[in-house]
Amino acid sequence: MPGQTVIEKIIQAHSDEEAAPGRIVWMELDVRTARDFAGANVVQNYRTHYGNSPVADASKTFFTFDCVVPAKTIPYASNQHLCRLWAREQGIRVYDVDAGIGSHVAIEEGLAYPGCTFVGTDSHLNILGAIGAFGQGMGDQDIAFAFKTGKTWFEVPPTMQVVIKGELHPPCTARDLTLAVLRELGSSGALGKAVEFTGPAIEALDLAGRITLASQITEMGGIIGFVPPSKEVLAFCRERAGREVSGVYADPDAEYCQVVEVDISNLEPLVACPPSPANVRPVRELAGTRIDSVFLGSCTNGRFEDFVAVAEVVKGEHIAPWVTASVVPATRQVYARLLREGVLETLFEAGFIVSNPGCGGCASGQIGMTGQGEVQVSTSNRNFPGKQGAGETYLASPLTAAWAALRGEIVVPG
Amino acid sequence: MKPTRIRGRIWVLTGPDGQMYNDVDTDMIFHNRHLHITNLAEMGQHALGNLKGWEDFAQKCRPGDIILAGANFGAGSSRQQAVDCFRALGIAALIAESFGAIYKRNAINSGFPILTLPGLSQMAGEFKSGDELEVDFETGRLGLNGEREYQAEPFSRVQMDIYQAGDLFAYGKTLET
């Protein structure tokens, strides 16, 4: 039997069928979730088909509200409350509008751990590849079925390997590394595939950097991107999950459909220009572009470390007078640490709006949208037309965004 | 048990140049101007209504017919109607060189028989609309006019479980203890 890749091993451990690429197999799910987007549809589907019968296992089923938090319109509020009431009937735990981004909450609360299978209605749930778990976003019918049965079916994807050559050096960050991979693969370079990252720069990434990288696989068309868990990541997950966990790693003779090398030895800070995340150019070429607003946060760059990087740049200074800038921590835990360690104060004094945790600008504008003609630098994950509003969004690292906020124009950081 | 071997008249989705259409997207199959329709019976009349040369498909086809399509059939949006419109017409199976990922998921979840036949668009000349095709879901064997044979990918266990139960939700009920 040939060696197996990470996704083949994880699916194999959750299925009694052979998990070979191209095969469609039933797969046991360790965790099934729904967020406020599509959550009410999940409940409706469930009730229509399964009435008042209990879910397969309430202790493995969760709601995570993160899109419109707190609800700003009555329809959103009603949908969330419909989920809450149903969750009470079923004994399902709700991570409510105060909790933050579901995929991040899952990692922090230890709901997700290396090697687990995890589904929900968030198309960026594959972010769990950051800890070597298999996360996947699905539609409301599939999730209702998963709630009821504890399983789903999946076509085992082929795996491609992305080898990162060289090491990351300031002012380049994990986001610039991610943009370099996007530049290489484009918007469909990983279409229908699982990705495994390898190389010294990957091993050196902290959890926040791993989350940044994994969060952008969707923008490359991929199913999921795995970052092999380091000792530090395993220790973190062990502590959060309150149980023994071990990483799932590819066999040395695993078969990859493709191997791509990305050399970052001469990397410079990068930015994704409108209208797509794969439209990557050096920050240098955009220098001097006047900007109107800055957004810091999202499932891509909403971690504690991301905001500390910004605070170090803006400490004791003030953002440009014509710029508005907002900060949305990914989760309540991130917010708490930023608060206790004085980072929020630094950002506030520098002129930033500080919002409660959540998805930020990506889902109907928790913290406002861009207007016609507005130029925004954002650390979020998508800049398709209309996604962050009517303006033009440039996606960049927290460091590049911090410098842009200070100067009121795009500048090379450092 | 539902039949796992069917026989039906085929429609080969070719364009004006005689070649099989590739990348037929969900707007060509079921245009977004009809998305307000939620009643299955009303969906059939719009099937392929936006694919050049096939606008009258709903009038031409009969229950039990089989459709042959090129690569990446059902690309684009996630609309379930692009599958349901064929179910409404009683189409017995859809065979394509390949399917869009979401389309494939929707079709399998709704218990609609689809099969992948690698290389189909290269062999398009061997099939004519009106030919008779026998399809074995279990083995993937295709028999054309009782003469020629082809090997499609057979149903996976998942596909057969859901097909036999009716749809994904009905399959969920069979698991209840």
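Me: Before we get to the chain–chain contacts, what is a polar contact here?

Reply: Take a pair of N or O atoms within 3.5 Å; within protein, one of them must be able to donate a hydrogen and the other to accept it. Bear in mind that this is a predicted model.

Me: OK, so how many residue pairs in polar contact are there between chain A and chain B?

Reply: The count is 11 residue pairs, with both residues at pLDDT 80 or more. On the chain A side, the elements that each supply at least two residues are β1 (24–28), α2 (36–50), α5 (140–149) and β7 (151–155). Of these, α5(A) gives the most, with 6 residues.

Me: What kinds of residues make up that side of chain A?

Reply: Sort them by class and you get 9 nonpolar, 6 polar and 6 charged. Charged residues bring us to salt bridges: the rule finds 4 across the A–B interface. One to look up is B:R105 with A:D142, whose side chains meet at 3.1 Å, N to O.

Me: How much area do the two chains bury, and which residues of chain A supply the biggest part of its share?

Reply: Buried area is what two parts lose in accessible area on being put together, summed over both. For chain A and chain B that comes to about 1,700 Å², with 61% of it on carbon and sulfur atoms. Look at A:I24, A:W26 and A:W153: they supply 36% of the area that chain A buries against chain B, more than any other three residues. As for residue counts, the contact takes 21 from chain A and 16 from chain B.

Me: Can we read contacts inside one chain in this way too? Into which domains is chain A divided?

Reply: Sure, start from the domain bounds. Chain A has domain 1 (6–14 + 25–154), domain 2 (159–263) and domain 3 (280–407). Try domain 2 against domain 3 in chain A: their C-alpha centres lie 24 Å apart, and the contact takes 16 residues from domain 2 and 15 residues from domain 3. About 1,300 Å² is buried between these two domains, and carbon and sulfur atoms give 54% of that.

Me: Which side chains form the salt bridge there?

Reply: The rule finds 1 salt bridge across this domain interface. A:R382 and A:E219 are the pair, at 2.6 Å, N to O.

Me: And which elements of domain 2 touch domain 3 in chain A?

Reply: Those giving two or more residues are α6 (174–185) and α8 (207–215) of chain A. The largest share, 5 residues, comes from α6(A). By class, this side of domain 2 divides into 5 nonpolar, 5 polar and 6 charged residues.

Conventions. Residues numbered from 1 in each chain as written. Chains lettered and ligands numbered in written order. Predicted model: local features only at pLDDT ≥ 70, side-chain atom pairs only at ≥ 80, totals over all residues. Heavy atoms only, no water. Domains from an automatic or database assignment. Contact = heavy atoms within 4.5 Å. Buried area = accessible area lost by both parts, 1.4 Å probe. Helix = DSSP H or I, 4+ residues; strand = E, 2+ residues; numbered from the N terminus. Nonpolar A, V, L, I, M, F, W, Y, C, P; charged D, E, K, R; others polar. Polar contact = N/O pair within 3.5 Å; in protein donor to acceptor, adjacent residues only side chain to side chain.
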